[in-house]
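Here is a guided look at a structure, written for someone who would like to keep the viewer open while reading. Please turn to the display below and follow along at your own pace.

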Amino acid sequence: MTTEVLPAEGTTHPAGPPTWARFHRLIRKKRMLWMVLPTLAILAFVIAYPAVRAVQLSFTSTSLINPVARGVGFTNYRTLFHDSVFYTALKNTLVFTGSSVLLAGVGGLVLALLLEDFLGRFRWVQTVLLTPWAVPTVVAAYLFRYMFEESGGVVNSVLLQLHLVSHAVPFLASPQWSMPTVVLANVWAQLPFFLLVFSAGLKTVPDEVVEAARTDGAGRWSIVRHVKLHYLRSAAVIAVLLMVIANFNNFPHIESMTGGGPGISTTTLVIYVYQLAFSSYDVGYASAVGVVWLVILLVLAVGFVRAVRMEGTS
Amino acid sequence: MSTSVDRTVGARRRQGRSRRGFGIAAVVAAGGMVLAACSSSSSSASSATSPASTAPVTITFANWASDESNTAPGLKAAIALYEKENPNVTIVSQPVSYSNIGSQLLLEVRSGDAPDVAEVQGDYTAALAYDSALAPLTPYAGSSFVKSLVPQSVTEGTYNGQFVATPWIIAPFGLWYNKNILASAGISGPPSTVTALESDLAKVKAKYPPSTGMIPFGFDSTNRSFGLDINWSFMKDFGATPMSESTTTLAVQTPQFTNYLSFIRSLGQNGYDVPNQLQGHFRAIAAVNKVAFAVDGPYFQSAVQATNHMTNAQFYSTFGVTTIPSGSSGTHYTVPTDHQLVMFKTAKNKAAAWKFMQWLTTSPQAVKDYTIPYEDALPPLKQTNPAWASLVNNPNFTAYKNVIEPTAIRPGWGPKYDVAFPPIMTGVETAMTTATPLAQIESTMQSQYKTALQSAGLNTP
C-alpha cells in the first residue's frame, strides 16, 4: 500500500508529485466521471436541447399557425437588423437592467453601511428591510401597479392632497414615466439582495484593518472608501453579475405592471420574444431574437467573469 | 520557487475557467429556459373513430369559463348535469386563462396533445382554422341545426367555406353607460355618434375632476389582438380598415386613419381614457360607479355584479347598453367577441364531442342555467325558447338582440391580423400618449408591419 503525500498549500514539492501518484489520481478521476453523467444528461436535456433547438428554429420560418416550416437561412437575422422594435427593446433592456442594478446596488450598499452598526435590539430593522426580497415578483409588481394607478392610486392621491402636483401623474400610462416607475418597483424588490450580500461582505472586513486605518487617522468616510469598499469588490462583482442576468430575463415584473406598454416604451427583449412567439405566433423570428439576446448575455457573463478573475489576480 | 508560482497561477487559471464555466452555464440556463418556450415539436396525432354510444367516453374540454370566478361555478354545474344525463360520458374541464388559450391550444396541436373540444373566440378561432387543426362541424351538426342559429354567428364560425366553430354565446361589443353618472353630468341619454360621444365625455370630465377618480371612457388600447378588436369598430366609424388578409400593406397612411388617430389622441390628451389598461381593469372600476362609458361585451354585467353584488334589477337601473356610436356615415359597427366551441381533428370521439357541444350551446337547460345567468349573454339561437324567454326579457338583452348584434362585422382575423396588431396598437398607444406627429406614427406602423410580415413569411398577397 502506497500513501500519496501531497505538498502543503503554498509549499513546493522538490521534484513535483511522483509520476505514479499523478497517474493514480488521473485514473481515479476518470473512474469518478460516471457519477456526473446523470447530471450532465439532465443539463443537456433542460439547457442544451432548448438552446440548440432555438438556434435551429431561428433559421426557419416556423410559425405556430403554419405547420410547414421551411429553412430561411439568415433571413430572420437580416430582418432583425432592420427591426426598429428590436432596437427599442434592446435599449429598454439595457436601461431597465442598468438602472435597476445601479440603483439597487448603491441603495443596498448605503443601507448595509448604515446598518452595519445596528446590533442588539435594532437588528430587526435589517430583517424588515429584507422582507421585499421574500415578496413574489408578480405580487410586488401588482402592488406597485395599484399604487401608481393614475386614477385612484395611492401615490397620486398623496401627491394631489399635498398639492405637489396639479394633475394626476400618468406613471404607467405615459412613455416618459412608465420605465422609471417600473424600475423603481424593481429596485424596491431587488435592493434587499444587495443589502444581504453587502452586509455579509462587511462582516469579512478584519477589525484589525479597520482599527489600523483608524489609528492612522482615517475618518469614517475614508475607512469606507479605502478599506471596506476594497473588501466588498468581489462580492459586488458577483452580485452585479447575478442581477444583470436576472434583470435581462425579468419577464413577470414588466408583464404584470405594463405588459411592455404604453406603446413599446417598456418592451424589453424578453417581452418582445414572448409577444412574437405567443401573440404573433412567429416562433422562427422569436428564436432569432432570443439567440441574439442569449449571445448578449454570454458576452456580458464572460466579461464579468473575466473581471472576477482579474479581481482575484490583483 | 518557480514551480510554486506556476502551480498557483495554474490553480488560478483553473479557478478562473471554473468560474467562467459556472457563469456561462448560469447564463445558458437562464436564457435556455426562456428559449425553450419557443421550441415546439411538429408531431400531429391522427383522428380516431367513434366508439359505441354506451361505451365510456372521456371528452377533454379546454376553456376559460372555468378559469374565471364569475363563470366557473355555473360551468361546473352544467357539466355535472350533462354527465348525470349521460352517465357514460366524463367531461374533463381544463381551465386556461383567456389571455393564454390561443397560444396554448396551438402549442398543444403542435405537440399532438390538443383537447377534444375548446372554447375560443375571434382571432383565436381564426388561428386554429388557418392551422387546419379544426374538424368541420357540418357533418355532425346537420343543416337543420345550422339553420336554427343566428346567421351572423354561423358566418363568424366559418373559415374557408367550412363551419368549424359553433357559437356558444352571442357577445358583440356594445357601449355600456352608467345612467347615474350621465344624469349627474346633465346627459340625457347615450350618444349615437362619435361626435356626441366626445361631447358627452367633455361633460363628464367637467363634472368630475381627476381627484374624483372618475374615468369618462373605459376603452382598451392594449397591444393585443383583443385591443385591436375593440378599436376596430371605431376605426370603421372613421372609414378606416387598417388591414386585410389579402394585402401586404397597412391602410394606415390615409386621411381616414389619421382622423381615427386624432380621435384616439383626444381621448388620451383630454384624460378621457386611461391608456394601456386591459378591459377587465375598467370593469372593476365601473362596479364602483367610476366609469361613465365603456366598450365591452355582454359579460360586462356578470363581471360588474361579481364585484359589487348588485341584483339584476339594480344593475339594469344603473347600467344601460347600446350600439357603438357611428361615424359621419351613420352606420354603426361592432366586432363580435362571440364565445365559440371548436372540435379538434384529433378528437377521439367526435360524435360524443359534438353531442356535448350541441347541448352546451343550445339546449334549453344549458341556456337557462348557464348562458343567461352566468355569461349574461344571449344564446346563438334565432328562436326564443319558452324555457328561458322570461330571462331575456330585459332592456340589455333586448338591446343586444335588436340593435347591437345586427351591426356586427368580422375584422380581418387570421395570420396577418396576428402580426398586424402589434404595430397598429403600438401606434394607437403612441398617438394616445405622445405628441409624435401622426404621419410619423403611421409611417412607423407601416415599416414595422413590413418587418413583421417578412419575418413571418407572409409578405406575399
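The report below goes from chain B and its domains to the nonpolar core and then to some backbone details.

**Chain B and its domains**

Please keep in mind that this is a predicted model. Chain B contains 18 helices and 11 strands. Its 461 residues include 52% that count as buried. Taking contacts in chain B between residues at least 6 apart in sequence, 75% join residues at least 24 apart.

Chain B splits into domain 1 (57–171 + 338–407) and domain 2 (174–335 + 412–455). The C-alpha centres of these two domains of chain B are 27 Å apart. Where they touch, domain 1 of chain B supplies 21 residues and domain 2 of chain B supplies 23 residues. On the domain 1 side, the elements of chain B giving two or more residues are helix H4 (122–130), helix H15 (364–375) and helix H16 (395–404). H16(B) provides the largest share of that side, with six residues. By type, the residues on the domain 1 side are 11 nonpolar, seven polar and three charged.

**Two helices of chain B worth a visit**

Helix H5 (residues 138–148) of chain B packs against helix H14 (residues 350–362) of chain B at an angle of about 35°, and their axes are 9 Å apart. On the H5(B) side you will find Tyr140(B), Ala141(B) and Phe145(B), which meet Lys350(B), Ala351(B), Trp354(B) and Gln358(B) of H14(B). The residues of this contact comprise five nonpolar, one polar and one charged.

Then there is helix H18 (residues 438–455) of chain B, whose 18 residues should span 26 Å at 1.5 Å a residue; the end C-alpha atoms are 26 Å apart, in agreement. Buried residues of H18(B) include Leu438(B), Ile441(B), Glu442(B), Met445(B) and Gln448(B). Just after H18(B) comes Gly457(B), with a positive phi of about 70°.

**The nonpolar core**

Which residues have the most contacts inside the largest nonpolar core? They are Val273(A), Val289(A), Leu128(B), Val342(B) and Met343(B), in a core of 195 residues. Helix H12 (residues 283–313) of chain A gives the most to this core, 13 residues. Domain 1 and domain 2 of chain B each contribute at least three residues to this core.

Beyond its neighbours within four places in sequence, Val289(A) is in contact with Leu80(A), Phe86(A), Leu269(A), Tyr272(A), Val273(A) and Leu276(A). Val270(A) sits in helix H11 (residues 269–278) of chain A. Val270(A) is buried because 25 other C-beta atoms lie within 10 Å, and the cut-off for burial is 20 or more. The C-alpha atoms of Val270(A) and Ala89(A) are 8.5 Å apart, although 181 residues separate the two along the chain.

**Backbone details**

Most residues other than glycine have a negative phi, and most peptide bonds are trans. The table collects some places that depart from this pattern.

| Place | Backbone value |
|---|---|
| Gly261(A) and Pro262(A), cis peptide bond | omega about -5° |
| Tyr281(A), not a glycine | positive phi of about 60° |
| Ser132(B), not a glycine | positive phi of about 55° |

Pro262(A) lies in the loop between helix H10 (252–257) and H11 of chain A. Tyr281(A) is in the loop between H11 and H12 of chain A, and Tyr281(A) counts as buried because it has 24 C-beta neighbours inside 10 Å. Ser132(B) belongs to the loop between H4 and H5 of chain B. With 16 other C-beta atoms within 10 Å, Ser132(B) is partly exposed.

Key:
Residues numbered from 1 in each chain as written. Chains lettered and ligands numbered in written order. Predicted model: local features only at pLDDT ≥ 70, side-chain atom pairs only at ≥ 80, totals over all residues. Helix = DSSP H or I, 4+ residues; strand = E, 2+ residues; numbered from the N terminus. Buried ≥ 20, exposed ≤ 12 C-beta atoms within 10 Å, placed from the backbone. Contact = placed C-beta atoms within 7 Å. Axes fitted to C-alpha atoms, helices over the stretch in contact; angles between N-to-C directions. Nonpolar A, V, L, I, M, F, W, Y, C, P; charged D, E, K, R; others polar. Core = buried A, V, L, I, M, F, W, Y, C linked by C-beta atoms within 7 Å. Domains from an automatic or database assignment. Expected span 1.5 Å × (residues − 1).
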